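Here are a few notes to help you find your way around this one. Have the viewer open while you read, and take the points one at a time.

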Amino acid sequence: MKGDLFSSAHVVQPAVEPGMSVENAKCVRYTVSGEMYARQGAMVAYRGDLKFERKVQGVGGMLKRAVTGEGLPLMAVRGQGEAWFAHEAQNCFIIEVEPGDQFTVNGRNVLCFDASLSYDIRTVKGSGIAGGGLFNSVFTGQGRLGLVCEGNPLVIPVSAQSPVYVDTDAVVGWTAHLQTSLHRSQSIGSMLRGGSREAVQLMLQGEGFVVVRPSELTPQKNQQH
C-alpha cells in the first residue's frame, strides 16, 4: 500500500521504552507489563495479551463520587502488550509525578496513569458551596499521569507576588502548595444589570503552576463529561 496515510508520520513504530509515551498529539501509547489504569472507554486499540476490567473503587470511593459528582470512572489494564488511549481527539500530555509532588486535576482531564500513583477525590479548599461543588482528583506518588485537553493548554506560573485567577470551567489542574479561594470580580450592581458572565473565579496563590484550557466548558460538554 502507498500514500500519505502509510507514511512514517502515521504508521506506529516499535516502542522505545516501557510504560507511557505520547504516540501523537491526540493519542497516548502504553506498553503494559503488569497493570495500569485508564478512564473507561478510552482504549482505541491494543495488541498482546491484555485484559480490561472495570476498577472497583470500594464503598468509600463510590460514596465520594456520589456526593461530589466528580466522575473518574476507571478501568484496570493488566497483562503484557501495548494499548493506545485517546478521548474525543483531544490533545494529550504526560506529567511526571515524583515523590513529594502532588498534582490536583479535574477528573474530566484524566486519560490514564501508572499503577504506582495514588489518587483521592477532595474538595477544592476555599470553594465552599458557592463554588457550585468544586471537587478534583489529587494524584501523589511516583509515576506518569496522562492528561487530555481541548486545545493547547496554558501553563501559568503562580507566585506569592502574582496570584492567578482562573475560570472554574477552564481550569485543568495545579501543582501542590497553591492555596485556593473564590474571588468575585464583579460588583453586585453589575450582576443585577446582567454582568459580564465572569462573576466568580478561582484564585490561586503561592508558588507553583496552574494549567488552563483555552476555552470554557460549554453546558453541552459539561453534561457529556
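1. Start at the surface, with a nonpolar patch made up of Met1, Leu5, Phe6 and Val11. Together these four have about 460 Å² of accessible area. Keep in mind as you look that this is a predicted model.

2. Is Met1 itself buried or exposed? It counts as exposed, because its relative accessibility is 84%. You'll find Met1 in the segment before strand E1, which covers 19-24.

3. Now for the salt bridges. As a general point, side chains of opposite charge can pair when their charged atoms come close. In this model the count comes to 9 salt bridges, and a few of them are worth a visit.

4. Try Arg144 and Glu17: they form a salt bridge, and their closest N and O atoms are 3.2 Å apart. Arg144 sits in strand E10 (residues 143-149) while Glu17 belongs to the segment before E1, so this pair ties together parts that are 127 residues apart in sequence. Glu17 is partly exposed, its relative accessible area being 34%.

5. Next, have a look at Glu35 and Arg78, whose side chains meet in a salt bridge at 2.5 Å, N to O. Which strands does this pair tie together? Glu35 is in strand E2 (residues 27-39) and Arg78 in strand E4 (residues 74-85), so the parts being tied are 43 residues apart in sequence. Both ends count as partly exposed: Glu35 has a relative accessible area of 30%, and Arg78 has a relative accessibility of 35%.

6. Strand E4 comes up again with Glu82, which forms a salt bridge with Arg47; here the closest N and O atoms are 2.6 Å apart. Arg47 is in strand E3 (residues 43-54), 35 residues away from Glu82, so to speak a link between distant parts of the chain. The two ends get different labels: Glu82 counts as buried because its relative accessibility is 11%, and buried means under 20%. Arg47, at 43%, counts as partly exposed.

7. Don't leave that pair just yet. Glu82 and Arg47 also belong to a network of salt bridges, in which they are linked with Glu23 and Arg29.

8. Further along the chain there's an open sheet of 3 strands, in the order E12-E15-E14, with antiparallel pairing. Strands E12 (164-166) and E14 (179-184) stand at the edges; each has a single partner strand, so one side of each is left without a neighbour in the sheet. On average, neighbouring strands of this sheet are turned by 35° against each other, direction ignored.

9. How many bridges join E14 to E15? There are 6, and E15 (residues 200-205) runs antiparallel to E14. If you want a spot to check this by eye, Gln179 stands opposite Gln205 in E15.

10. Last stop: Asp167, in the loop between E12 and strand E13 (171-175). Is this residue buried or exposed? Asp167 counts as buried, because its relative accessibility is 16%. Its side chain reaches the backbone nitrogen of Asp169 at 2.7 Å. Asp167 can also be placed relative to Val212: the two are 45 residues apart along the chain, and their C-alpha atoms are separated by 8.5 Å.

How values were computed
Residues are numbered from 1 along each chain as its sequence is written. This is a predicted model: local features need pLDDT of at least 70, side-chain atom pairs count only at pLDDT 80 or more; totals for chains, interfaces and linings use all residues. Side-chain values use heavy atoms; hydrogens and water are left out. Two strands pair if DSSP finds at least two bridges between them. Helices (H or I, at least four residues) and strands (E, at least two) are DSSP runs, numbered from the N terminus. Axes are lines fitted to C-alpha atoms, for helices over the stretch in contact, and angles run from 0 to 180 degrees between N-to-C directions. Patches are made of residues with over 30% relative accessible area and no salt bridge: like charges are joined within 9 Å, nonpolar side chains (Val, Leu, Ile, Met, Phe, Trp, Tyr) within 5 Å. Accessible areas come from the Shrake-Rupley method with a 1.4 Å probe; for residues, only the protein chains shown count as cover. Buried means under 20% relative accessible area, exposed over 50%, partly exposed in between (1.4 Å probe, protein chains only). A polar contact is a pair of N or O atoms within 3.5 Å; within protein, one must be able to donate a hydrogen and the other to accept it, and residues adjacent in sequence count only if both atoms are side-chain atoms.
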